[in-house]
Amino acid sequence: MLDREGKPVPDAVVVMYPGTAAGAAPSLLQASPTIEQERMRFVPALTVVMPGTTVRFTNQDRWDHHVRGNPMGVAAAAAPGTGSTNFELRLGGKTEGKPANFADVKLDTSGVVLLGCHLHGSMRGHLFVTDSAWTLKTDNDGIARFAAVPDGAAQVRVWHAEQLVDLPRKSLNVVSGPVLDTMQLSVVPRVRRAPPAAPGNSTPGGPMGSYSQGPVQGVQGVQGVQGAQVHAHMHHPNH
C-alpha cells in the first residue's frame, strides 16, 4: 500500500480463498499472539488470527486500562452483544520490578473486532478473525506475500480498518506466470504520529495515528511462477 507520495502503508488485510483444496494451507498467522497496551496504544494496532485462537492482552503502562472488544459489520448486526468477539476486561497498571498484568481471550467466531479502552478514548485497535487460513496483513513495505498458492480459480478479499463499506471479493485465476490485479479502497492514509511521551504524574492521554476517508486508492496483486507467491500492495493512482 502506498500513499499519494508513493510511501508504503501497512496494516491492510489480504484474504485469499483458493478454489481448490489441493495442498495444505500454510501456517501464516501466529498461534498465540500478544497485544500490548503500551504508551496509550494497542501494539500491534491490527492483529490477524484464526478462529479458536487465544489472544493475550498485556498492560505495559503504569496506569490501568480497559480492553473492550466489540464486533463490527455483519457479525455485530447478526448478534449484537454476544459471542467471543464481544468482551470487556480491566488490566491494572504495571508495577516497577513486577511482571505486567495480562488477560487471555479466546476468539471462536470469524469477523472484525474493534478494540478500545473506556478510560482512554484515544486508544483504538482491531482484531481480524479470518475465515481463511490464506490471510496476511500488509507489512511496512505495503506487501502481503503468500507462498504455495494452489493453481486455479481463487477469490481475493481486501479489508482496511477505515474502509466503511466492505468490498466484494474479486475473482483471480492463479496460473503459471505473473498475474496483476487491482482493487479499490476509499481511504487515504495519514502518516502515523509517534506515540505520546510517557507522562509524569499527569493523567495519560493523547491521540493516535489513523486513516481518513478520501479519494480512492488501489490494491495490486502479483502471482508468482507456479502459483508460488502472491504479492499485494496498495497505491494511490496519479491525479
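## Exercises on a predicted fold

Arg 39 sits in the loop between strand S2 (34-38) and S3. Keep in mind that this is a predicted model. Let's start with that loop and work outwards.

**Exercise 1.** Find what is unusual about the backbone of Arg 39, then decide whether Arg 39 counts as buried, partly exposed or exposed.

*Solution.*
- Step 1: look at phi. For Arg 39 it is positive, about 55°, although this residue is not a glycine.
- Step 2: check the cover. Arg 39 has 35% relative accessibility, so it counts as partly exposed, given that this class lies between 20% and 50%.

**Exercise 2.** Do the same for Met 40: what is its phi near, and is Met 40 buried or exposed?

*Solution.*
- Step 1: locate Met 40. It belongs to the loop between S2 and S3.
- Step 2: read phi. Met 40 has a value near 70°, again positive in a residue other than glycine.
- Step 3: turn to accessibility. The relative accessible area of Met 40 is 3%, so Met 40 is buried.

**Exercise 3.** Stay close to these strands in the sequence. Where is Pro 44, and what kind of peptide bond leads from Val 43 to Pro 44?

*Solution.*
- Step 1: place the residue. Pro 44 lies in the loop that links strand S3 (41-43) to strand S4 (46-49).
- Step 2: check omega between Val 43 and Pro 44. The angle is near 0°, and the bond is cis.

**Exercise 4.** Now go to strand S2 itself and pick Gln 37. Is Gln 37 buried or exposed, and which residues is it in contact with?

*Solution.*
- Step 1: take the relative accessible area of Gln 37. At 0%, it makes Gln 37 a buried residue.
- Step 2: leave aside neighbours within four places in sequence. The contacts of Gln 37 then include Phe 42, Thr 58, His 65, Leu 91 and Met 123.

**Exercise 5.** Find the largest nonpolar core: how many residues has it, and which elements give two or more residues to it?

*Solution.*
- Step 1: count. This core has 20 residues, and those with the most contacts inside it are Phe 57, Phe 87, Leu 107, Leu 115 and Leu 127.
- Step 2: name the suppliers. They are strand S5 (53-59), strand S7 (87-91), strand S8 (101-107), S9 and S10.
- Step 3: zoom in on Leu 115. Beyond its neighbours within four places in sequence, Leu 115 touches, among others, Ile 35, Phe 42, Phe 57, Phe 87 and Leu 127.
- Step 4: don't stop there. A second, separate core has 12 residues, including Met 16, Ala 144, Val 158 and Leu 172.

**Exercise 6.** Describe the largest pocket: how much space lies in it, and what lines it?

*Solution.*
- Step 1: take the volume, which is about 360 Å³.
- Step 2: look at the walls. There are 22 lining residues, with Met 72, Gly 73, Val 112, Arg 157 and Asp 166 nearest the centre.
- Step 3: trace them to elements. Helix H1 (74-78), strand S9 (111-116), strand S10 (124-129) and strand S13 (152-159) give two or more residues to the lining. S10 has the largest share, with 4 residues.
- Step 4: sort by class. The lining holds 10 nonpolar, 7 polar and 5 charged residues.

**Exercise 7.** Zoom out: how many helices and strands does the protein have, and what share of its residues is buried?

*Solution.*
- Step 1: count the elements. You should get 1 helix and 17 strands.
- Step 2: check burial. Of the 239 residues, 44% are buried.
- Step 3: look at contacts between residues at least 6 apart in sequence. Of these, 67% join residues at least 24 apart.
- Step 4: finish with the surface. About 11,700 Å² is accessible, and 53% of that belongs to carbon and sulfur atoms.

Conventions. Residues are numbered from 1 along each chain as its sequence is written. This is a predicted model: local features need pLDDT of at least 70, side-chain atom pairs count only at pLDDT 80 or more; totals for chains, interfaces and linings use all residues. Side-chain values use heavy atoms; hydrogens and water are left out. On a 1 Å grid over the protein atoms alone, a cavity is a set of points where a 1.4 Å probe fits but cannot get out, and a pocket is an open set with protein on both sides within 12 Å along at least five of seven lines; lining residues have an atom within 4 Å of a point. Grid points are joined across faces, edges and corners, and a volume is the space filled by probe spheres set on the points. Ala, Val, Leu, Ile, Met, Phe, Trp, Tyr, Cys and Pro count as nonpolar, Asp, Glu, Lys and Arg as charged, and the others, Gly among them, as polar. Buried means under 20% relative accessible area, exposed over 50%, partly exposed in between (1.4 Å probe, protein chains only). A nonpolar core is a set of buried Ala, Val, Leu, Ile, Met, Phe, Trp, Tyr and Cys residues joined through side-chain atoms within 4.5 Å. Contact means heavy atoms within 4.5 Å. Accessible areas come from the Shrake-Rupley method with a 1.4 Å probe; for residues, only the protein chains shown count as cover.
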